[in-house]
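Me: Could you take a close look at the salt bridges in this model for me, and then at the pocket? I'd like one connected walk through the details.

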Amino acid sequence: METRELRYFVAVAEESHVGRAAERLGMAQPPLSRAIAQLERRLGADLFVRTPRGMELTVAGETLLREGRVALAAVEAAERRTRRTVEAEGPKVVLTAKAGASSELMAKLLDAYAAEPDAVDVEVVLSAPGHQAPMLRDGRADVAILHRPFDDLSGFDADVLAVEDQVLILPSGHPASTRASMTVAEATSLPNLPLPRWPHLDGSYPDGPGPELRDLTQVLQLVRLGRTAIVLPDSARANLRDGLAVVPLSDAQQVTTVIAWQPHSTSTGVAGLVRTASRL
């Protein structure tokens, strides 16, 4: 199977229409239809059900879409990492993490790794929530700090760095700020403190009353102003300043922080960073 065929198939699957997919790919519709038919013959399976509304995926098609996206991401990652190797002045590891999260843990990791005799330069890329796993998949990063259950770790190797409870951060003067604990349901229904809405990968926001946010510093400023509250891992309390209170959540899922990398990585820098993390 060629990557060209996979790109054709993914475009049709995502558009659910050959004509729209052909326009997206910048090609005529007949050769695209022939390419899809040839792919189906080669696989011995129908990938689509043709309907008056367009193209609907079969079970086989859903499988190929899932696996095809992974394969195309791996090809793009190989190209990106190769280009970075050529452009870099020396060996380098790109580490991505959520802006404002796991700061103390990352500082310990980077300091410990820098002390290793074979350490290479580590470029830290802080990005919005949810962007770390895609960056690791498509080659923009070599290593990522991820958090279960929020991030998708499928296809990665990972070592656990920390497991912790979640807490609610709210204004110190709020009536609920003195409580010993509360449930997630209570935390999400506090009067005048709607939880913030974080963007999807495409930049759109889910519906809801909470403010649209991208940056944790911005969130905490709005919490101090009494406009919102936020649920964070318990370690976040170490970096809080005046004006904020912390209430443990009794029934929230624990957050597991991991260091993740591609299983086929042959980078000595990645291996060294992961070994250092495992010793912390």
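Reply: Happy to! A salt bridge here is a side-chain nitrogen of Lys or Arg within 4 Å of a carboxyl oxygen of Asp or Glu. Please keep in mind that this is a predicted model.

By that definition, the structure holds 18 salt bridges. Let's begin with one inside a helix: the side chains of E104 and K108 meet at 3.8 Å, N to O, which is within the 4 Å limit. Both residues belong to helix α5 and sit four residues apart, about one turn of the helix. As for its surroundings, E104 has a relative accessibility of 44%, so it counts as partly exposed; the class runs between the 20% limit for buried and the 50% limit for exposed.

A second pair has another setting. R197 and E212 form a salt bridge through their side chains, with 3.7 Å from N to O. This bridge links distant parts of the chain: R197 and E212 are 15 residues apart, and each lies in the loop between α7 (184–187) and α8 (216–224). The two partners fall into separate burial classes. R197 has a relative accessible area of 15%, so it is buried, while E212, at 44% relative accessibility, counts as partly exposed.

Next comes D234 with R237, where the closest N and O atoms of the salt bridge are 2.9 Å apart. Here D234 is partly exposed because its relative accessible area is 28%, and R237 is partly exposed as well, at 39%. Beyond such pairs, E14, E15, R20, R24 and R69 are joined into one network by salt bridges that share partners.

Now for the pocket. The largest one has a volume of about 970 Å³. It is lined by 41 residues, and K98, F150, V231, L232 and P233 are the closest to its centre. Helix α5 (103–114), the element that holds E104 and K108, supplies at least two residues of the lining. The same is true of α6 (132–137), β6 (157–164), β8 (230–233) and β10 (255–261). By class, the lining has 22 nonpolar, 11 polar and eight charged residues.

Why does the largest pocket lie between domain 2 and domain 3? Domain 2 (88–164 + 255–278) and domain 3 (166–248) both give residues to its lining, so the pocket lies between them.

Note on methods:
Residues are numbered from 1 along each chain as its sequence is written. This is a predicted model: local features need pLDDT of at least 70, side-chain atom pairs count only at pLDDT 80 or more; totals for chains, interfaces and linings use all residues. Side-chain values use heavy atoms; hydrogens and water are left out. On a 1 Å grid over the protein atoms alone, a cavity is a set of points where a 1.4 Å probe fits but cannot get out, and a pocket is an open set with protein on both sides within 12 Å along at least five of seven lines; lining residues have an atom within 4 Å of a point. Grid points are joined across faces, edges and corners, and a volume is the space filled by probe spheres set on the points. Ala, Val, Leu, Ile, Met, Phe, Trp, Tyr, Cys and Pro count as nonpolar, Asp, Glu, Lys and Arg as charged, and the others, Gly among them, as polar. Domain bounds come from an automatic or database domain assignment. Buried means under 20% relative accessible area, exposed over 50%, partly exposed in between (1.4 Å probe, protein chains only).
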